[in-house]
Amino acid sequence: MRQGQAQAALPAAAVAPVPVAPPPSLPLRGATLAPQPHAAAPGAASAPRALPAMPAAGAAAPPPMRPAADSLAEARRLADQGRVDEAAAACQRWLASVPDSAEAYFILGLLSEIGQQPAQAQALLKRCLYLQPDHYEALCHLALLTEQGGDPSAAATLKARAARVYQRQQPH
């Protein structure tokens with residue numbers, strides 16, 4: 001049996017909590033996965049645990065747990081009120097549950113932009129665009145930041161891309 005297979009057979013309780021490393025541009029503090037119960041001490045007798053039953057072939061997997069849909073709306077509302085730290089915290093909470101949320105990265109990018117952190121704003125907007133390449137507002141803000149950063153050629157490319165996205169979004 002290969003090492004990867006042996007690890008897959010271990011019950012979840014035997015795995016220690018793994019610290020979650022924040023993305024390089026996001027200031028998460030001390031985030032970890034939920035602690036798992038400690039495994040029995042070595043040499044202690046324990047009853048073998050049954051693995052959870054696999055769903056039948058063709059059975060639909062349960063939908064992933066997602067936080068309330070209004071959490072991002074709350075983050076945007078807080079940002080609109082100028083409550084930047086609270087808005088950023090709301091986005092971080094959202095990303096803890098939905099790490100592929102382009103909109104959360106967009107809001108964090110805007111917050112970094114108004115916080116006079118253009119490099120961090122650019123990184124967050126690029127992450128947003130990686131997750132959602134046709135995010136028109138992110139393209140516009142990134143084009144502006146790129147132009148202000150002294151790269152008019154890259155800014156022009158982003159503006160052209162934003163114009164194409166805008167045209168595609170218009171009703172025909």
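**Stop 1: R76 and E103**

Select R76 and E103. Their side chains form a salt bridge, with the closest N and O atoms 2.3 Å apart. R76 sits in helix α2 and E103 in helix α4, so the pair ties together parts that are 27 residues apart in sequence. Check the surface around both ends. R76 is partly exposed, at a relative accessible area of 30%. E103 is also partly exposed, at 24% relative accessibility. Keep in mind throughout that this is a predicted model.

**Stop 2: R77 and E74**

Stay on α2, residues 70-80. Select R77 and E74. They form a salt bridge too, and here the closest N and O atoms are 2.5 Å apart. Both residues belong to α2, three residues apart, or about one turn of the helix. An α-helix has 3.6 residues a turn, so residues three or four places apart point the same way. R77 is partly exposed, with a relative accessible area of 36%. E74 counts as partly exposed at 32%.

**Stop 3: K159 and E147**

Now select K159 and E147. Their side chains meet in a salt bridge, at 3.0 Å from N to O. K159 lies in helix α7 and E147 in helix α6, so this pair ties together parts twelve residues apart in sequence. K159 is partly exposed at 41% relative accessibility. E147 is partly exposed at 38%. Salt bridges in this model come to four by count, and the tour has visited R76 with E103, R77 with E74, and K159 with E147.

**Stop 4: the whole chain**

Zoom out and switch to cartoon. The protein chain has seven helices and zero strands. From the N terminus on, the order reads α-α-α-α-α-α-α. Turn on the surface. The accessible area is about 11900 Å², and carbon and sulfur atoms account for 60% of that. Colour by burial next. Of the 172 residues in the chain, 23% are buried. For contacts between residues at least 6 apart in sequence, 47% join residues at least 24 apart.

**Stop 5: helix α5**

Select residues 118-131. This is α5, with 14 residues. From its first C-alpha to its last, α5 reaches 20 Å, close to the 20 Å expected at 1.5 Å a residue. Which residues of α5 are buried? Show A121, L124, L125, C128 and L129 as sticks: these are the buried ones. Look down the axis of α5. The buried residues fall within an arc of 140°, so they line one face of the helix. Rotate to the other side of α5, where A119, K126 and Y130 are exposed.

What covers the buried residues of α5? Add α4 (102-114), α6 (136-148) and α7 (152-169) to the view, as the cover includes these helices.

**Stop 6: S112 and the α4–α5 loop**

Select S112 in helix α4. Is S112 buried or exposed? S112 is buried, with a relative accessible area of 5%. Beyond its neighbours within four places in sequence, S112 is in contact with Q117, Q120, A121 and L124. A121 and L124 are among the buried residues of α5 seen at the previous stop.

Step along to Q116, in the loop between α4 and α5. Check the backbone here. Phi of Q116 is near 60°, a positive value in a residue other than glycine. Q116 counts as exposed, at 67% relative accessibility.

**Stop 7: the nonpolar core**

In soluble globular proteins, nonpolar side chains tend to be buried together. Select L72, C91, L108, L125, C128, A138 and L139. The largest nonpolar core has 29 residues, and these seven touch the most other members. Colour the core by helix. α2, α3 (84-97), α4, α5, α6 and α7 each supply at least two residues. Which helix gives the most to this core? Helix α4 does, with seven residues.

Finish on C91. Where are its contacts, leaving aside neighbours within four places in sequence? Show L72, A75, A104, I107 and L108: C91 is in contact with each of them. L72 and L108 also appear among the core residues that touch the most other members.

Definitions and conventions. Residues are numbered from 1 along each chain as its sequence is written. This is a predicted model: local features need pLDDT of at least 70, side-chain atom pairs count only at pLDDT 80 or more; totals for chains, interfaces and linings use all residues. Side-chain values use heavy atoms; hydrogens and water are left out. Helices (H or I, at least four residues) and strands (E, at least two) are DSSP runs, numbered from the N terminus. Buried means under 20% relative accessible area, exposed over 50%, partly exposed in between (1.4 Å probe, protein chains only). Contact means heavy atoms within 4.5 Å. Accessible areas come from the Shrake-Rupley method with a 1.4 Å probe; for residues, only the protein chains shown count as cover. The expected span of a helix is 1.5 Å times one less than its number of residues. The arc is that of the directions from the helix axis to the C-beta atoms. A nonpolar core is a set of buried Ala, Val, Leu, Ile, Met, Phe, Trp, Tyr and Cys residues joined through side-chain atoms within 4.5 Å.
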